[in-house]
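Here are some notes to read alongside the structure. Keep the viewer open and follow the points in order.

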Amino acid sequence: MNGPVNGPVARVSPLPRTDWSREEVAGLFALPFADLLFEAQRVHRAVFDPNAVQRSRLLSVKTGGCPEDCGYCAQSSAHATGVAASKLLDADAVVEAARRARDSGATRFCMGAAWRSPKDRDLGRLAEMVRGVRALGLETCMTLGMLTERQAAALAEAGLDYYNHNLDTSPDYYGRIVSTRSYADRLETLGLVRKAGIRVCCGGIVGMGESRDDRIGLIHALATLAPHPESVPINALVPIAGTPLGDAVREGRQPAIDGIELARTVAVARITMPRAMVRLSAGRTGMSDETQALCFLAGANSLFVGDRLLTAGNPGIDHDEELFARLGLYPMEAL
Ligand code: SAM
Ligand code: DTB
Ligand code: SF4
């Protein structure tokens, strides 16, 4: 018999555990696909309405010219990607974009900046953005790079609901994708965000040439954060021309993530972090509707909507409305 029914499955519970062993996470990944999706559905249904999907909208509030060398990123100044660097947007322009996002059905507005870390002098304007977006009745999220304790406290004071800071991959593979910061740096900022009382959005990217073991390592790292991140974005690499990781895919040296392996990753995130919003994040333009449907079945319950992520494209609202209708999905009300 293939399915270790008395193995990892027996320990699965909708109550969040943070003591997952690597072996348990590996055991989940190794389950027959139907058993894995069945467990993911069981956990998902114990915690969430399985047909409700939360919708977030992204805006790049400061684009390009980033001093970090993340091998996947269009905005790193280490890569010639053709993305022009721009200054931090005015708060008014950001709030206007948030209003449009709200009117098109998003409940969370995520503001991203291509920084290693914010400058203290930017905090006033960032706080103004948070206050303005919140006043529209939207949840707020920012992703600005590494923070100091004081910066995290200032963002919390402004009312920031979520901070996005991804671990991206396993601790073992991390050095292959970024050299300008360490896994420990990421964990430190995540700790400061938690300490400031801001909810954590933390996930990773698949399809960067990592092994199954690295995907296990990523989910293990996330699922042993205590408490778990409230949001877990699972990004599929968007192969950006001019980036080392993007070019490897574009030139056929590296395959894109397999849809079934992506769905497995989503399912293991769902099972190990039952109360998290698991977001099928970047890379949906490269996925079939069937792959996305598998990911919802595997427990994804959040998406980025709109035709743009930060710099890359995203399926537009019309396509997503049609997909929702075909699958009988509906928007999740603000939590
Ligand atoms: N500079 C900040 C940072 O790195 O934390 C915030 C912005 S950064 C663009 C946010 C996240 O987007 C990254 O951590 C990465 O996980 C994801 N990302 C960036 N480029 C991507 C790509 N080409 N494909 C998939 N995910 C990507
Ligand atoms: C996350 O995990 N994915 C989003 C958000 N957090 C900030 C970003 C995706 C970026 C995709 C590439 C781009 O638009 O340049
Ligand atoms: Fe900079 Fe973030 Fe892009 Fe890395 S992922 S290069 S830190 S914007």
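1. Let's begin with one residue: where is the place of Asp168? Asp168 belongs to the loop between β4 (162-164) and α7 (171-177). One thing to check there is the backbone: phi of Asp168 is near 70°, a positive value in a residue that isn't glycine. Asp168 counts as buried because its relative accessibility is 2%, under the 20% cut-off. Do bear in mind throughout that this is a predicted model.

2. Now step back to the whole protein. You'll find 13 helices and 10 strands in it. Its radius of gyration is 19 Å, close to the 20 Å that the globule rule gives for 335 residues, so the protein is as compact as a globular protein of that length. Taken along the principal axes, the box filled by the C-alpha atoms is roughly 60 × 40 × 40 Å. Buried residues account for 57% of the 335 residues.

3. How do the contacts spread along the chain? Take the contacts between residues at least 6 apart in sequence: 75% of them join residues at least 24 apart. The residues in the points below give you some particular contacts to look up.

4. Next, ligand 3. Which residues surround ligand 3? Going round, you meet Cys66, Glu68, Cys70, Tyr72, Cys73, Ser76, Ala114, Trp115 and Arg181. By class, this shell has six nonpolar residues, one polar and two charged. The space that ligand 3 takes is the largest cavity.

5. Cys73, one of the residues around ligand 3, also turns up in the contacts of Thr81. Thr81 sits in the loop between β1 (52-62) and α4 (91-103). Beyond its neighbours up to four places away in sequence, Thr81 touches Cys73, Ala74, Ile240, Ala241, Gly242 and Thr243. Thr81 and Arg131, 50 residues apart in sequence, have 33 Å between their C-alpha atoms.

6. Ser60 also has a partner 50 residues along the chain to look at: the C-alpha atoms of Ser60 and Cys110 are separated by 8.5 Å. You'll find Ser60 in strand β1, and with 11% relative accessibility Ser60 counts as buried. Leaving out residues up to four places away in sequence, Ser60 touches Gln75, Leu89, Gly112 and Leu310.

7. Val200: buried or exposed? Val200 counts as buried, at 4% relative accessibility. This residue is in strand β5 (residues 199-201). Setting aside neighbours within four places in sequence, the contacts of Val200 are Tyr163, Leu190, Val193, Arg194, Pro229, Glu230 and Ser231. His228 is 28 residues away along the chain from Val200, and their C-alpha atoms are 8.1 Å apart.

8. While you're in that part of the sequence, have a look at the peptide bond between Ala226 and Pro227: it is cis, with omega about -5°. Pro227 lies in the loop between α9 (212-223) and β7 (231-236).

9. Last stop, Asp307, in the loop between β9 (302-304) and α13 (317-327). Not counting neighbours within four places in sequence, Asp307 is in contact with Arg57, Ala312, Gly313, Asn314, Pro315 and Gly316. Between the C-alpha atoms of Asp307 and His319, 12 residues apart along the chain, the separation is 9.7 Å.

How values were computed:
Residues are numbered from 1 along each chain as its sequence is written. Chains are lettered from A and ligands numbered from 1 in the order in which they are written. This is a predicted model: local features need pLDDT of at least 70, side-chain atom pairs count only at pLDDT 80 or more; totals for chains, interfaces and linings use all residues. Side-chain values use heavy atoms; hydrogens and water are left out. A residue is near a molecule or strand if one of its heavy atoms lies within 4 Å of it. On a 1 Å grid over the protein atoms alone, a cavity is a set of points where a 1.4 Å probe fits but cannot get out, and a pocket is an open set with protein on both sides within 12 Å along at least five of seven lines; lining residues have an atom within 4 Å of a point. A molecule sits in a cavity or pocket if more than half of its atoms lie within 2 Å of its grid points. Ala, Val, Leu, Ile, Met, Phe, Trp, Tyr, Cys and Pro count as nonpolar, Asp, Glu, Lys and Arg as charged, and the others, Gly among them, as polar. Helices (H or I, at least four residues) and strands (E, at least two) are DSSP runs, numbered from the N terminus. The radius of gyration is taken over C-alpha atoms; the globule rule is 2.2 Å times the number of residues to the power 0.38. Buried means under 20% relative accessible area, exposed over 50%, partly exposed in between (1.4 Å probe, protein chains only). Contact means heavy atoms within 4.5 Å.
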